[in-house]
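Subject: Structure for you to look at

Hi,

Here is the structure I promised to pass on. Please open it alongside this message, and my notes on what I found follow below.

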Amino acid sequence: MVSIIQRMKVLQGKLATLRHGPGAAILPPNVQKLSLNFPYRNKGGHMGTRKFWQLYLPRIKYYNPTFPIEVIRREGSDAAGPATITIHFTDKPPHIIDSKNRLHSELCAQFLDITQATAVPPNPEDAKAAAEYAEYVKAEEASARAKEAKRQAKREEKERERLGGVAM
Amino acid sequence: MPPKSPLPSASILLLAPLRPCYTPQNLPLPLHFRSYASTPQKKSPTNVKRRPQRTSFRQYDLKDATQFSLNEAVRYLRAFEVGQDPVSTKYELAIKLHAMKNGPTIKTVVKLPKPVKTDIRVCVIADGPAREAALKAGAMAAGTEEIFEQIKTSGGNLPYTHILAHEPSYNLLLKARVAPILGPRGLMPSPKFGTVVTNPANAIKELTGKFDYRERLGVIRTAIGQLAFTEEELAKNISAFMGSVKKEIAMLQGRTEKEIVEVVLSSTRGPGFSLSGAVKPEAPEVKKDSGSGGGIDLSAKIGEVKRRVSV
């Protein structure tokens, strides 16, 4: 197993990111269910719906553990067509959002607005940890890119040497 | 051309350094350098301190770990797995052991109260009435020669998750020489693992929910539940699994010392949560060492392990 210190560092960052940020809100009891329906492929304006799922739904699910969330991703012949976010209520007809060609942050704001969810007051500790984790992820990505560039340069150098030794 | 010399012209040609016909920029090292480089290195002097080789797997100090109750961990994992398929997404368990690197390892079969894998496809090596009974009991295929032929021609790409052998047909299976194909895939029936049976129909019924697990590099990893399971179902499964592991550890007593150090709950896409042993977060009085009263018994001489870690 990975060392505990390393594991805990990443875990605390992930949990802080889950608890803090847009979507950290408690839904009123009349919101019954949320269902997303969109194709597998992003092409044709479906990226926003997917990102809404990936970026905000974990937070909504964390603060509303018993709230059912359904994600249907269409494949094959059903792939073409709309992308919809349906919010079911106990006391009124369901509200359907056409999420095609929409930005994920807009969709999240609209969802919270329609459901009249109460935002969870931000925890400064979580905010700090989440920011640190975001920075850590960024630094890791940059480091991975730098390492890959270094390896690529090494490969090219080797290739040049090989060609130089024969052709010149 | 070489400079002018008093020697006769023929000697000039002989003694002059050989001129290469081309001058590459980066020639590979001459062979004699390489052979020199490949000679074994001299042993380092004995007075230099060398780190002794590890005989057991590396341990970490659990005081650095944040531990979670089962319900907390499940709430987080469900958030990470939001919108995913509730059947194919699994909860996973990793049990870190304190174990010797060269000691015997745990490998056994367990049956959980609520099965994790619900799609099993059984093939039975049997003949006559046993074959009929096996097919009736839900076997995907049964037979002897035709199955061997299928195994040989398939090249190992088989649709079965389990293969059982009826005891009278077991010798036929051995003679068919399919072990090199089945063995590496863990499908070869063997009396040791209870896959050579006298009553195939009963065995198929028993097989539902049964799976094998093993210790690799000092850790036992397994799927312990589907995302759709409730906390109670998951707790029951974890308890049953821990019971099985502890029984195995007890069976190895005398041959080797093993202790459970850490139990980590994870999921298909989620991070790992070190479990504290409690089920509910609001019940701090449930200690990790208490086997009853709502908690899951994850312990096995935890105090002793901690002492060893600090050495």
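Let me begin with the contact between the two chains, which involves 29 residues from chain B and 26 residues from chain A. Please keep in mind that this is a predicted model. About 2400 Å² is buried between chain B and chain A, and carbon and sulfur atoms give 68% of that area. On the chain B side, B:Arg75, B:Tyr76 and B:Val82 supply 26% of the area that chain B buries against chain A, more than any other three residues.

For polar links, the rule finds one salt bridge across the interface of chain B and chain A. B:Glu262 forms a salt bridge with A:Arg7, with the closest N and O atoms 2.5 Å apart. Six residue pairs in polar contact are also found across this interface, counting pairs with both residues at pLDDT 80 or more.

If you would like to colour the chain B side by element, helix 3 (70–80), strand 2 (90–98), strand 9 (219–226) and strand 10 (259–267) of chain B each give two or more residues to the side that touches chain A. Helix 3 of chain B provides the largest share of that side, with five residues.

Now for the aromatic residues. Over all chains, the structure holds eleven aromatic pairs. One of them is A:Tyr62 with A:Tyr63: their ring centres are 5.0 Å apart and their planes stand at 80°, so the pair is edge-to-face. Both of these tyrosines, A:Tyr62 and A:Tyr63, are buried. B:Phe68 and B:Phe273 form an edge-to-face pair too, at 4.9 Å centre to centre and 90° between the planes. B:Phe68 lies in strand 1 (residues 67–68) of chain B and B:Phe273 in strand 11 (residues 273–275) of chain B, so this pair ties together parts that are 205 residues apart in sequence. B:Phe68 counts as buried at 6% relative accessibility, and B:Phe273 is buried with a relative accessible area of 0%.

Do have a look at how these rings are connected: ring pairs link A:Tyr62, A:Tyr63, B:Phe68, B:Tyr76 and B:Phe273 into a cluster. B:Arg75 comes in here as well, as its charged end sits over the ring of A:Tyr62, 4.1 Å from the ring centre. Another charge over a ring is found within chain B, where B:Lys114 lies over the face of B:Phe229 at 5.2 Å from the ring centre.

Happy viewing, and all the best!

Definitions and conventions
Residues numbered from 1 in each chain as written. Chains lettered and ligands numbered in written order. Predicted model: local features only at pLDDT ≥ 70, side-chain atom pairs only at ≥ 80, totals over all residues. Heavy atoms only, no water. Phe/Tyr/Trp six-rings, centres within 6.5 Å; stacked < 30°, edge-to-face > 60°. Buried < 20%, exposed > 50% of the residue type's maximum accessible area, 1.4 Å probe, protein only. Helix = DSSP H or I, 4+ residues; strand = E, 2+ residues; numbered from the N terminus. Lys NZ or Arg CZ within 6 Å of the ring centre and 35° of its normal. Contact = heavy atoms within 4.5 Å. Buried area = accessible area lost by both parts, 1.4 Å probe. Salt bridge = Lys/Arg side-chain N within 4 Å of Asp/Glu carboxyl O. Polar contact = N/O pair within 3.5 Å; in protein donor to acceptor, adjacent residues only side chain to side chain.
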